[in-house]
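Trainee: I have a chain to go through with you. Can we take it by questions, surface to core?

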Amino acid sequence: MDERNFGGYRNCRIWVSVPSGGTIHLEYAPREASVDWDVCGAALEITTLVAQRVR
């Protein structure tokens, strides 16, 4: 995971290899700059859901 702070926004980037040999790159950034919740937790949930469906 790669948490960065460009322009005041919290975001999270995740790269995942899938069994078929492909990769998934997800970057998740909330609309509001000053969110106080776990941005990477939400990104991880989304990535997990997508990876379970990719073959």
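Trainee: Which residues form a nonpolar patch on the surface?

Mentor: This is a predicted model: local features need pLDDT of at least 70, side-chain atom pairs count only at pLDDT 80 or more, and totals for chains, interfaces and linings use all residues. Numbering starts from 1 along each chain as its sequence is written, and side-chain values use heavy atoms, without hydrogens and water. Patch residues have over 30% relative accessible area and no salt bridge (Lys or Arg side-chain nitrogen within 4 Å of an Asp or Glu carboxyl oxygen); nonpolar side chains (Val, Leu, Ile, Met, Phe, Trp, Tyr) are joined within 5 Å, like charges within 9 Å. With about 180 Å² of accessible area together (Shrake-Rupley, 1.4 Å probe, only the protein chains shown as cover), the patch is Ile46, Val50 and Val54.

Trainee: Where is Val50 placed?

Mentor: Helices are DSSP runs of H or I, at least four residues; strands are E, at least two; both are numbered from the N terminus. Val50 falls in residues 39-53, helix H1.

Trainee: Which cysteines does the disulfide join?

Mentor: A disulfide needs two cysteine sulfur atoms within 2.5 Å. The structure holds 1. At S to S 2.0 Å, the pair is Cys12 and Cys40.

Trainee: Which parts of the chain does the pair link?

Mentor: Cys12 and Cys40 are 28 residues apart. The linked parts are strand S2 (residues 9-17) and helix H1.

Trainee: Which element gives the largest share of the largest nonpolar core?

Mentor: A nonpolar core joins buried (under 20% relative accessible area) Ala, Val, Leu, Ile, Met, Phe, Trp, Tyr and Cys through side-chain atoms within 4.5 Å. The largest has 6 residues: Cys12, Ile14, Leu26, Val39, Cys40 and Ala43. S2 and H1 each give two or more. The largest share, 3 residues, comes from H1.

Notes
Buried < 20%, exposed > 50% of the residue type's maximum accessible area, 1.4 Å probe, protein only.
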